Amino acid sequence: QAPGRKLLAASGGDLRTILLSATISRSCDDLLVRLFGDGNLQEVRGTRLRPEPSYWFNWSADPLTREARVIEALRHLPRPAILYVTAPDDATHWVARLRDEGFQRVAAFSGDTASDERRQLIREWNDNRRDIMVATSAFGLGVDKGDVRTILHACLPETVDRYYQEVGRGGRDGC
């Protein structure tokens, strides 16, 4: 029996579970129904495209050209900004590269970031002591900064769902 159903059974049917997400894939939705559904599941969806983002794309076959374009974009795009990468090593590389280019208020956040450091980085981010967070998809859960103005991808995200989720971390204040 799934853990969610065990809890529901142990509560005598009194337990109520609410699951909220701004972005959820159909396969994840199916999993949640299997884990928490008891035949009395009510689902509410409000899917919509957010109106505030502007999307700009540029493809570079050459990694050095792409890197130069990302740096140039970060020089001109509004902040705070998140630069998304795929792997922790990429985040470390990008922070070093950006610091070499004169960016100082930049940090890396990935699945390899220790818990204490995560809390510190999120505090600095929320207190506007960091302008640019170079991050993997690990940066997002529990992060809700309303005034993020730029989401930049240094690479193609693995899925469209991931891309949409990451883009959704910008403009939460409607701007």
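Biologist: In this predicted model, which residues does Thr136 touch, not counting residues up to four places away in sequence?
Modeller: Thr136 has its place in the loop between S3 and strand S4 (150-153). Not counting residues up to four places away in sequence, the residues that Thr136 touches are Tyr84, Val85, Thr86, Ala87, Pro88, Phe109, Ser110 and Gly111.

Biologist: Is Thr136 buried or exposed?
Modeller: The relative accessible area of Thr136 is 5%. A residue counts as buried when this value is under 20%, and therefore Thr136 is buried.

Biologist: Which helix or strand gives the most to the largest nonpolar core?
Modeller: The largest nonpolar core has 16 residues, and Leu74, Leu83, Trp94, Leu98, Ile132 and Val134 are those with the most contacts inside it. At least two residues of this core come from each of helix H3 (63-76), strand S1 (81-84), helix H4 (88-100) and strand S3 (132-135). With four residues, the element that gives the most to this core is H4.

Biologist: How many residues has the other core, which lies apart from the largest one?
Modeller: Among the residues of this other core are Ala107, Phe109, Val143 and Val148. The number of residues in this core is twelve.

Biologist: How many charged residues are there in the lining of the largest cavity?
Modeller: The structure holds one cavity of 30 Å³ or more, and the volume of the largest cavity is about 40 Å³. Its lining is made up of Ile82, Trp125, Val143, Lys145, Val148, Arg169 and Arg172. Four residues of this lining are nonpolar, none is polar, and the number of charged ones is three.

Notes: Residues numbered from 1 in each chain as written. Predicted model: local features only at pLDDT ≥ 70, side-chain atom pairs only at ≥ 80, totals over all residues. Heavy atoms only, no water. 1 Å grid on protein atoms, 1.4 Å probe; cavity = no way out; pocket = protein on both sides within 12 Å on 5 of 7 lines; lining within 4 Å. Points joined across faces, edges and corners; volume = space filled by probe spheres on them. Nonpolar A, V, L, I, M, F, W, Y, C, P; charged D, E, K, R; others polar. Core = buried A, V, L, I, M, F, W, Y, C linked by side-chain atoms within 4.5 Å. Buried < 20%, exposed > 50% of the residue type's maximum accessible area, 1.4 Å probe, protein only. Contact = heavy atoms within 4.5 Å.
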